[in-house]
Amino acid sequence: MRRPLVLLASIALTACVAAGASTGTTSPSGAASTTHTNAAIPPGLDKIDHLIFIVQENRSFDHYFGTFPGAHGFPTNSQGQITTCIPNPFLGHCSRPYHTKSYHQWGGPHDDIASHIDIHGGKMNGFINAMSDRGTHCWIDPTPSSCDPYVGPQGQPDVLSYLNATDIPNYWTYAKHYVLQDRMFAPVDSWSLPSHLFLVSAWSARCTDPNDGMSCTSDTQLRGTLSWRYGQPPKYAWTDITYLMDKAGVSWHYYVNDNTCLGTQCSGAVGGTSPDKNPLLGFTDVRDDHSVGGIQHISDFVAAAQNGTLPSVSWLVTAPPYNEHPILPGTVRTGMGYVTRMINSVMRSPEYGSSAVFLTWDDWGGFYDNAKPPVVDQNGYGLRVPAMVISPYAKKGYIDHQTLSFDAYLKLIEDRFLGGQRLDPKNDGRADSRPTVRENVNILGDLTNDFDFTQPPRPPYILDPAP
């Protein structure tokens, strides 16, 4: 059972909001951070000085919120029963989603090939077919006891499993108390590395010349030697958002697990956040701008929150056992505990009154989802993932039905701190050959709709990390 500690300090919080401007932090390039209050900022958004993006791994929206009241979750009949039944060639009949009490999942393949099989031309019924190359017997012969956490009551694979409020209570509490987004699609039809590249740059590509953005072509696979590794020279030649922030003097940090190597010449096995979730070191512009220092450890984020020195933009990307990746060490509850501690650290910060936390997952992890992804270009969108907004100005109990992707995060950064500047090679000062300026796609929703800047800022809502 959750044990919220509601801090009824509205007067102090209101004062904190009034004093919510940035406090002399510096960008990794050494430029002083500014509040960037100007006419281009959407009304009310100037009350938010700290944008914080927490990115976990490999869960679909239906897997976590398919039964959330009012959300676009599992299709149901008039009796509220889930009507989904996925073809299962291994059992010879279709299989239905099921509620699991296990905190361990196996998941399914989640690369570009699996994505196309899962979507199946919009039928959204290929999730079991995509498992044909999985190296496990659990979804073919579920009798061994070792398979117990990974199969349902009719022997269906756990890609059809889902959790609810009793299993992930803090996530459901955040969704009920703040904003749940039920149409957040991963930005790309693929796995973690392309998704994290989109998170910071709105593109995933391979480049024949790391110093020439025009040499890059879209690549949603980035397999093998194409994915950058620590100690190698940078290979991502196109422009990422930190380039624009450094030019404008906007402070940022990309926070990774504490035992992650932060240098550019790491040798041997590297623990912590892996390079596919920590891609900024692979960008040429980050090296050229001497901005590698912008990559820090998560303990530094906690300290900055405590000390009131949060940067304007933060990304938090952890590692096992905290990132909720199936199969790897850790559980759903371990990840939820980590996320809760990070959000609690913001809520206890003197800068909470001017902060907004955006929580999401980098891809669907092979788990079933019923929502057909919109096609905006040859790279995506990908399958739907859970997403929430937590802030003293977030609407209470609001379900956002807008079509969103990680591109909306970049758009929000640009609108709040960069006067609406886009990652557009025609005017950002660095030419590259990206096919789409993703922030300008017509169907992309507006994250400012998730806030009510006329309401008094709500006090922090502290949750127990281990309910």
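## Pocket and cavity

For sorting lining residues, Ala, Val, Leu, Ile, Met, Phe, Trp, Tyr, Cys and Pro count as nonpolar, Asp, Glu, Lys and Arg as charged, and the others, Gly among them, as polar. With that in hand, look at the largest pocket in this predicted model: its lining divides into 5 nonpolar, 5 polar and 2 charged residues. The pocket has a volume of about 160 Å³. If you want to find it on screen, pick out H116, I119, H120, G121 and G122, then D189, then K372, P373, P374, V375, G380 and Y381.

There is also 1 cavity of 30 Å³ or more, and its volume is about 50 Å³. Around this cavity you'll find P42 and L45, then A408, K411, L412 and D415, and finally G445, D446, L447 and T448. Sorted by class, that makes 5 nonpolar, 2 polar and 3 charged residues.

## The chain as a whole

Stepping back, the protein chain has 10 helices and 16 strands. Of its 467 residues, 62% count as buried. Take the contacts between residues at least 6 apart in sequence: 81% of them join residues at least 24 apart.

## Helices α5 and α6

Helix α5 covers residues 192-201, and 10 of its 10 residues are buried. That list runs S192, L193, P194, S195, H196, L197, F198, L199, V200 and S201. What do they pack against? The buried residues of α5 pack against β2 (50-56), α6, β9, β11 and α10. Just past the end of α5 comes A202, with a positive phi of about 65°.

Helix α6 (residues 241-248) has 6 of its 8 residues buried, so the rest of the structure largely encloses it. The buried ones are I241, T242, Y243, L244, M245 and D246. They pack against α5, β9 (252-256), α7 (284-288), β11 (313-317) and α10 (406-417). After α6 comes G249, and its phi is positive too, near 75°. One member of α6 has a charged visitor: the charged end of R430 sits over the ring of Y243, 5.5 Å from the ring centre.

## Two buried polar residues: S192 and N379

Is S192, in helix α5, buried or exposed? S192 has a relative accessible area of 3%, so it counts as buried. Leaving aside neighbours within four places in sequence, S192 is in contact with E57, N58, D276, K277, D362 and D363. The link to D363 is a long jump along the chain: the two are 171 residues apart in sequence, yet 6.5 Å apart in space, C-alpha to C-alpha.

N379 is in the loop between β12 (355-361) and β13 (387-390). Despite the loop setting, N379 is buried, with a relative accessible area of 2%. Its contacts, again without neighbours within four places in sequence, are P187, V188, D189, F198, W203, S218, T220, P435 and R438. Two of these partners turn up elsewhere in this report: D189 helps line the largest pocket, and F198 is one of the buried residues of α5.

## Aromatic rings

The count of aromatic pairs comes to 27. One of them is F65 with F68, an edge-to-face pair at 5.9 Å centre to centre, with 75° between the planes. How buried are the two partners? F65 has 0% relative accessibility, so it counts as buried; F68, at 7%, counts as buried as well.

F65 also pairs with W172: the ring centres are 6.0 Å apart and the planes meet at 20°, so this pair is stacked. F65 belongs to helix α2 (residues 61-65) and W172 to helix α4 (residues 169-177), so the pair ties together parts that are 107 residues apart in sequence. W172 is buried, as F65 is.

Elsewhere, ring pairs link a cluster made of F53, F358, Y393, F406, Y409, F451 and F453. For another charge over a ring, go to K395: its charged end sits over the ring of Y398, 4.5 Å from the centre.

Conventions
Residues numbered from 1 in each chain as written. Predicted model: local features only at pLDDT ≥ 70, side-chain atom pairs only at ≥ 80, totals over all residues. Heavy atoms only, no water. 1 Å grid on protein atoms, 1.4 Å probe; cavity = no way out; pocket = protein on both sides within 12 Å on 5 of 7 lines; lining within 4 Å. Points joined across faces, edges and corners; volume = space filled by probe spheres on them. Phe/Tyr/Trp six-rings, centres within 6.5 Å; stacked < 30°, edge-to-face > 60°. Buried < 20%, exposed > 50% of the residue type's maximum accessible area, 1.4 Å probe, protein only. Helix = DSSP H or I, 4+ residues; strand = E, 2+ residues; numbered from the N terminus. Lys NZ or Arg CZ within 6 Å of the ring centre and 35° of its normal. Contact = heavy atoms within 4.5 Å.
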